[in-house]
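Ready for a few short exercises? Have a look at the sequence and the structure, then try each task before you read its solution.

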Amino acid sequence: MARIRHFVLKVFLLNITVVAAYVEELDGTFKETRLNEPWLVEFYAPWCDYCKVFESVWYEVGAELKSLGSPVNVGKIDTTVHNNVASEFGIRGYPTIKLFKGDQSFDYKGPRTKDAIIDFTNRVAGPIVRPLTSPHLFQHVMSRHDLFFVYIGGESSLKEEYLKVAAEYIVYIHFFSAPENILPKAVTLQGVPTVAVFKDGTYYLYSEYEDGDLSAWVNRERFLGYQQMDSFTLYHMGETSKLVALAVVDEMNPSEESIRYKTLMERIATEYRNHYNREFQFGYMNGNAYINGLVMGEVLMPSIIALNLSNDGYYLPKQQIETLEDLVQFLDSILDGTAQLLGGNGFFQQIHRTVYNAKSTLMSMFQNAPGFVCLLLSLPLGLVVFVLYGICTAVPDDSSQSDSSPLLLQSHSEDTQGATSAEQKAEEQKSSEAKKED
Ligand SMILES: *[C@@H]1O[C@H](CO)[C@@H](O)[C@H](O)[C@H]1NC(C)=O
């Protein structure tokens, strides 16, 4: 048994060293050497716990890029030792991942998984705009990517603009160029040059007249019409300044209602695309944890909610959404300003958010290490009791003694306040629903 364990440990350690071999520990000279070859670099700090968790992913990235024959080198820099490098590249958070290509650098902002990072590296390390030269290649790209942009036509000022926009958005999405004659037969153009986005099983053409700036159009069109969302996608969608309409569902317990909500979201994204595409992004989210944090309360599952990510505001439907018409009514009430904006980033909301975040951090700490949190909380509480005791004994006055208990009670009752306000919200909603039905 012990021998087996020893063997397993040895293999495990061997694996780590083999894998770690493809990640180079970089130093201050990187500022100059980076110009020679492409580099994918993690900026880390030894005190960053998450960086330690992430380390194994990083080693796998290094090993896989090597085995794929990628020309990109993988490295990491301890920013506490080489802080001149960190300040040169404006590193503010840990870990930060950047790809360096010549004198350009590209920030990685996606989920920190091996596949997503490798996808990013392959996309950004190659030519920013990849020419497609045959119908076969075009089909291949269509089968591999859910969403991509294509410039169609020869040299033009639009193409120059396209190259600029592609350099800006290559960190998120693929950009290609193609001559008109290799496109699938089903694609009909108004003329060339033009730019198209292929997504949602169809394609949409850019029109300077209707869509304005190419960069703004690409920014608006770089998400699928309807898709699953997580905190990362929401973060990026914030940059499009569109509102996000979501079905919040529990995929572990799919109810009839949650399936209906998802279907309604998908239908509105396709059937009402022309109507809402400029203002709304549609999708669904599995689990309500993230949304609860945003609204600082408990959102039931399933629910429909619309978010304004620019100001942390949100909208809830006043009544149960049963049909597509109900959903249209809800979205229109947001656009015409009759729906009530909840949350937001006003002064009091920000204070509320700080308190809420502190409370949830404490709650999750309590779940992981209850003893420690009790100790943490009992310190100030003990101090209060101590001070009160001091006051009471120094001034033998009955009135101050009776003051002490409400104070202590209050600090206990605060714990339940979050739940109470969520209940209140639910109550209010119910009563407003009741009014509607009258
Ligand atoms: C979302 O919030 C921003 C910032 O407050 C605001 O300018 C914008 O009009 C809001 N969008 C909608 C559709 O209400």
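The exercises below, each with a worked solution, concern this predicted model.

**Exercise 1. Work out the order of the strands in the open sheet of five strands, and find which strands stand at its edges.**

Solution. Begin with the order: the five strands of this open sheet follow one another as E1-E3-E2-E4-E5, and their pairing is mixed. Now look at the edges, where strand E1 (24–25) and strand E5 (104–107) stand. Each has a single partner strand, so one side of each is left without a neighbour in the sheet. For E1, the pairing with strand E3 (residues 73–78) is parallel and runs over two bridges. Within this pair, Glu-24 stands opposite Gly-75 in E3.

**Exercise 2. Find which strands helix H3 and helix H5 lie across.**

Solution. Take H3 to start with: this helix, residues 49–67, lies across strand E2 (39–44) and E3. The angle of H3 to E3 is about 155°. Next comes H5, residues 114–125, which lies across E2, strand E4 (96–101) and E5. H5 runs at about 25° to E4.

**Exercise 3. Is strand E9 largely enclosed or left open, and how is it joined to E7 and E10?**

Solution. Count the buried residues of E9 (residues 194–199): five of the six are buried, so the strand is largely enclosed by the rest of the structure. Then turn to strand E7 (residues 148–152), which is antiparallel to E9 and joined to it by five bridges. Here Phe-148 stands opposite Phe-198 in E9. Strand E10 (residues 202–205) is also antiparallel to E9, with four bridges between them. In that pairing, Ala-196 faces Leu-205 in E10. Finally, check the hairpin of E9 and E10: two residues lie between the strands, and Asp-200 takes a positive phi near 55°.

**Exercise 4. Decide whether Ser-177 counts as buried or exposed, and list the residues it touches.**

Solution. Locate Ser-177 in strand E8 (residues 174–178). A residue needs 20 or more C-beta neighbours within 10 Å to be buried. Ser-177 has 22 C-beta neighbours inside 10 Å, so it counts as buried. Leaving out residues up to four places away in sequence, Ser-177 touches Val-129, Pro-131, Val-150 and Tyr-151. Val-129 is 48 residues apart from Ser-177 along the chain, yet their C-alpha atoms are separated by 6.5 Å.

**Exercise 5. Name the residues around the ligand and sort them by class.**

Solution. List the residues: Leu-243, Asn-308, Ser-310 and Asn-311. Sorting this shell gives one nonpolar, three polar and no charged residues.

How values were computed. Residues numbered from 1 in each chain as written. Predicted model: local features only at pLDDT ≥ 70, side-chain atom pairs only at ≥ 80, totals over all residues. Buried ≥ 20, exposed ≤ 12 C-beta atoms within 10 Å, placed from the backbone. Pairing = 2+ DSSP bridges. Near = placed C-beta within 6 Å. Nonpolar A, V, L, I, M, F, W, Y, C, P; charged D, E, K, R; others polar. Contact = placed C-beta atoms within 7 Å. Axes fitted to C-alpha atoms, helices over the stretch in contact; angles between N-to-C directions.
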